[in-house]
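The following note concerns the surroundings of the ligand and the aromatic pairing in the model shown below. Please read the points alongside the structure.

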Amino acid sequence: MHKVIFDTDPGVDDAMALVFQTCHPEIELIGVTSVFGNATIETTTRNAVYLVERFAAPEVMVAQGAAGPLRGAAPPPIPHIHGHNGLGDIELAALPTQNRAARLDARPAHRFIIDTIRQHPNEINLIAVGPLTNLALALQEAPDIQHLVKQVIIMGGAFGINGVLGNVTPCAEANISADPDAADQVLTAAWKVTAAGLDVTQKAVMSTAYLDNLRQHGGEVGQFVWDVSRLYEQFHRDSADVHGIYVHDSSAVAYLVAPQLYEVRQGAVRVALDGLARGQTIQKPAAMGVPAPSWDGFKMQDVCVDVDVAGFLQLYFDTLTANAKAA
Ligand code: BDR
Ligand code: CA
């Protein structure tokens, strides 16, 4: 079993990544930590609680995280992508107050991350699919966790593979752009990070037909994925003429359970902190011989440079539909 802490800013594709985990038989979701990003921290935390209450085991708790980046202000919410409620404007049944309270851990997210990693040395997979502020705060307070975590997998960055650009600026992807300082700290720490950036996540498109098939065969979860993705799909059609959706955050989960679907490139990664390129993720490939002092000496991280798209789509489909059959 893969033990997971899921750090997230739900978010439509975050929600899809969360149900992917709750349906996967080899994933044990230990806890969920919220962060600002796709919406305010109040909204992303409310959504995380809603999602665990509806789909996760009763013992899975949510710890509320950062309301903004290490430096500067949080980016404004993006209702045209994720809806005003962060979950595609689907109807969210109000949770009874006692249920909500029972799902909320008293600790801030970074403290929950530290305590949980220390409780399970070398066992925790930290999957982070929002701005990396909670992870940076955890590292600052407890540098020992770098050596105690099993691995860190992030959805974040755009590494220019085959000319892939950012999605906030020509060079910056949203999760990194929202807190470049945190991202640079996370990517240069001694723990093992794998980054699934736009280079691979924009290849993994779920078409309308695929989502409809999921709706028909995926039971309640399949219907939920369909409902939650309607507005998100419209955004893809309007903005990029994509007839379907980019499934960004689920790529980080897929990497955990099926790393063979990804081709990775090793090398130190730095993030541009200021100026025109703020939020750009730049890897110095291990094979590159020239000295580059800003990269040299930092941990070699793995950047996903290619993905078996059919394999990824099959994995997601099989995971949700097998769960529906078992229910
Ligand atoms: C990332 O930004 C967010 O909007 C998505 O949830 C995803 O994590 C894609 O750039
Ligand atoms: Ca996200």
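1. In this predicted model, the shell around ligand 1 consists of three nonpolar, five polar and four charged residues. The charged members are Asp13, Asp14, Glu173 and Asp249. The nonpolar members are Val129, Met155 and Ala174, while Asn38, His82, Asn167, Asn175 and His248 count as polar.

2. Three side chains of this shell merit attention for their distances to oxygen atoms of ligand 1. A polar side-chain atom of Asp249 is placed 2.6 Å from a ligand oxygen. For Asp14, an N or O atom of the side chain lies 2.9 Å from an oxygen atom of ligand 1. For His82, the corresponding distance is 3.3 Å.

3. How much of ligand 1 does the protein bury? On its own, ligand 1 exposes 280 Å², and 95% of that area is buried by the protein.

4. The largest pocket is the space that ligand 1 takes. Two elements, helix H1 (12–23) and helix H7 (174–177), each give two or more residues to the shell around ligand 1.

5. Turning to aromatic side chains, the count comes to four aromatic pairs. One of them joins Phe20 and Tyr316 in a tilted arrangement, with 4.8 Å from centre to centre and 50° between the planes. This pair links distant parts of the chain: Phe20 belongs to helix H1, Tyr316 belongs to helix H14 (residues 309–326), and the two are 296 residues apart. Helix H1 thus appears in both topics of this note, as a contributor to the ligand shell and as the element that holds Phe20.

Key
Residues are numbered from 1 along each chain as its sequence is written. Chains are lettered from A and ligands numbered from 1 in the order in which they are written. This is a predicted model: local features need pLDDT of at least 70, side-chain atom pairs count only at pLDDT 80 or more; totals for chains, interfaces and linings use all residues. Side-chain values use heavy atoms; hydrogens and water are left out. A residue is near a molecule or strand if one of its heavy atoms lies within 4 Å of it. A polar contact is a pair of N or O atoms within 3.5 Å; within protein, one must be able to donate a hydrogen and the other to accept it, and residues adjacent in sequence count only if both atoms are side-chain atoms. Accessible areas come from the Shrake-Rupley method with a 1.4 Å probe; for residues, only the protein chains shown count as cover. On a 1 Å grid over the protein atoms alone, a cavity is a set of points where a 1.4 Å probe fits but cannot get out, and a pocket is an open set with protein on both sides within 12 Å along at least five of seven lines; lining residues have an atom within 4 Å of a point. A molecule sits in a cavity or pocket if more than half of its atoms lie within 2 Å of its grid points. Helices (H or I, at least four residues) and strands (E, at least two) are DSSP runs, numbered from the N terminus. Rings of Phe, Tyr and Trp (its six-membered ring) pair if their centres lie within 6.5 Å; planes under 30 degrees apart count as stacked, over 60 as edge-to-face and the rest as tilted.
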